[in-house]
Structures are given as C-alpha cells and as structure tokens.
Amino acid sequence: MSVLVGLIVMLGMLVIVPAGLRLADVPELDRIRRLWPAFAVPGAVSLWLPRGPAATALALCYALGAVLLALHALPRLVRRSAPLRSPRTAPTEIALLTALVTPAIAATALVAERSGSPLFGFGPGILALTVPHFHFAGFAAALVSGLLCRLVDSPAGRFAALSVPLGTLLVLIGYFVGDRAELAGAVVLTAGMWTTALLTWRRLRTGRDRATRLLLGTSAGVLAVTMALALSWALGEATGLPHPTLTWMAATHGVGNALGFALCSVLAWKRLRDRTDHEGRIA
C-alpha cells in the first residue's frame, strides 16, 4: 500500500496542486505556482527514502512551500471581505481559501510521517493516508467545487462550494473527537461531492467537445462511486458494521479520486479555460 499511496501523493504534489493554482486564476498565486516545483520535487523524493533525517528534511522543503501557499489565505481573506459577506460570492471564496490551506495540513502530516514520529497521537500509518486525503478531498475537491460555483451560479453550486470545505473540516475534527464526528463530516463531504458530480454531469458537459465531455463525465461518474465507498467506510468505523479495509480503500477510493476525479477534473477545467481564452481573443 505504501507504494500506491506514494504514487498518489506524488500526483497531488507535482500535478494537481500546480495545475489547480493555475486554474484558480488568482494573480497573487503566480509566483508560488512558478516556485512550486522547488518545493514539490524534494517532497516527492522524500516519499521514497527510509524514514529518518534525510526524508524529514526533504519533506520540510515541501512543508515550506505549503505554508507559503497557506499564508496567501489571510491577506486574501482581508482583501475579499466584501465578497465573503455576499451569499452569492462567499461560497466560491470559502472554497478557494480551503484549497489554499489544505496542502499545509497534508505537509504537516508528511513531515511527521517521514520522521517516524507520532503527531497528536496518530502513528505513521494514519499520517501517511492523511497526506493524500488533504491533497484530493481537501485541495482538489475544494478548488473544483469553487470553480463550479463560479461558473454555475445556482443554489446547488453554492451548496457544493460550502459543503465540501465544511465536510473537510468536520472530517479533520473527527480525527480528534471520534468516529461519529468523522462520519458526520463524511456525510457532509459526500453530499457536496455528489452535488459537484451532478452539476458537472448535467450543466458542464452540454455543448463541449468530445474530449472535454469524456473528462467531465469520468470525473462525475467516479465521484459517485468513490464517495459511496468513503461513506461506507466512515459508517463502518462509527457503527462496527462491515466495511472496506484501509488497503482496499487506498486501492479503490484513493486511486479513483486521484485519477478519475482530480486528474480528469483539472484536465477538463484546463480545456474549458483554454477555450474561453481562445474565444475571448477572437472576440
């Protein structure tokens, strides 16, 4: 499982985060996006070294980049105070702020895991799974729901953009409070992700070229399955009912969210952005 998780995390570090920062269309993120490989490459290398000082030092390089990214959240929160007070624009802003912060949570878990030290009572095994969770259920899901809300101005879009960050936060709180709180977070997160999938399928695919429709359809279809798995796992943990093992979840839920949802989504949104830019230049 460690090899599989390492490959998933590499995809998040090296592809999903920098591509997502470009899609966010926030000029003040351009510098950190250009510098991102200097932080992400050492972090990716750390995944394949034995736990110890060398792996920890390289993970700290990634953590530095993630913290610098998170530091953009506070000034943006101040500058964008007016949109945050508007019920129409606040969900998009909250989703983007969540995307800026979640890689730092993943990086904190990575540093602890690579050093072999427990963090808040969690051992290396749980910490290793926390890293991909906050790259994909954190960064990628929040970003995509925010982009969707920006494009599809509707109550459902705003619900998705709010419930994905809220569900992610509740899952994080559940780590410390208990399985039932984590189940509540999984329910909220699943509702947001399923709404994102439904809106993607019904509202974004219309009128697109074949490749974009395929990418959007794949991301929506995969979300329907992977979040059902996440919900079944959280329900089993909270109630004792039979549920998938962590290894099986990594091979299904983890791989599906990384490749089927996150990668297909950023590729589809890049195509949507490129087409919009092209039409704008023609106009």
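This is a short talk on some helices, loops and single residues of one structure, and the model is a predicted one.

I'll start with helix α10, residues 210-239. How far apart should the ends of its 30 residues be, at 1.5 Å a residue? The expected span is 44 Å, and the end C-alpha atoms of α10 are 44 Å apart, so the two agree. At the start of α10, Asp-209 has a side-chain oxygen within 3.2 Å of the backbone nitrogen of Ala-211. At the other end, just after α10, comes Gly-240, with a positive phi of about 85 degrees.

Next, what α10 packs against. Two packed helices are described by the angle between their axes and the distance between the axes. For α10 and helix α9, which covers residues 179-204, the angle is about 165 degrees and the axes are 9 Å apart. An angle over 145 degrees counts as roughly antiparallel, and α9 and α10 are therefore roughly antiparallel to each other. Their crossing is left-handed. What kinds of residue make up the contact of α9 with α10? There are 20 nonpolar residues, four polar and four charged.

Staying in α9, look at Thr-190, which lies in that helix. Thr-190 has a relative accessible area of 1%, so it is buried; the cut-off for buried is under 20%. Where does the side chain of Thr-190 find a polar partner? One of its polar atoms lies 2.6 Å from the backbone oxygen of Ala-186. As background, an α-helix has 3.6 residues a turn, so residues three or four places apart point the same way.

A second pair of helices sits earlier in the chain: α2, residues 30-46, and α3, residues 53-70. Their axes are 7 Å apart, at an angle of about 150 degrees. That again makes the pair, α2 and α3, roughly antiparallel, because the angle is over 145 degrees. The crossing of α2 and α3 is left-handed.

Now two residues in other helices. His-135 is in helix α7, residues 124-151. Is His-135 buried or exposed? It counts as buried, because its relative accessibility is 1%. Its C-alpha is 13 Å from that of Gly-43, although the two are 92 residues apart along the chain.

Val-78 is in helix α4, residues 73-79. With a relative accessible area of 58%, Val-78 is exposed. Val-78 and Leu-127 are 49 residues apart in sequence, and their C-alpha atoms are 32 Å apart.

Last, the loops, and backbone angles in particular. Most residues other than glycine have a negative phi, and most peptide bonds are trans. Which residue in the loop between α1 and α2 is worth a look? Asp-25 lies there, and its phi is near 55 degrees, a positive value in a residue that is not glycine. The relative accessible area of Asp-25 is 54%, so this residue is exposed.

The loop between α6 and α7 holds Phe-120. Here too phi is positive, near 55 degrees, and the residue is not glycine. How accessible is Phe-120? At 63% relative accessibility, it counts as exposed.

To sum up, α9 with α10 is a roughly antiparallel pair, and so is α2 with α3. Thr-190 is buried and His-135 is buried, whereas Val-78, Asp-25 and Phe-120 are exposed. That is the end of the talk.

Definitions and conventions
Residues numbered from 1 in each chain as written. Predicted model: local features only at pLDDT ≥ 70, side-chain atom pairs only at ≥ 80, totals over all residues. Heavy atoms only, no water. Helix = DSSP H or I, 4+ residues; strand = E, 2+ residues; numbered from the N terminus. Expected span 1.5 Å × (residues − 1). Polar contact = N/O pair within 3.5 Å; in protein donor to acceptor, adjacent residues only side chain to side chain. Axes fitted to C-alpha atoms, helices over the stretch in contact; angles between N-to-C directions. Parallel < 35°, antiparallel > 145°, perpendicular 65-115°, else oblique. Left-handed = near helix turned anticlockwise from the far one by under 90°. Nonpolar A, V, L, I, M, F, W, Y, C, P; charged D, E, K, R; others polar. Buried < 20%, exposed > 50% of the residue type's maximum accessible area, 1.4 Å probe, protein only.
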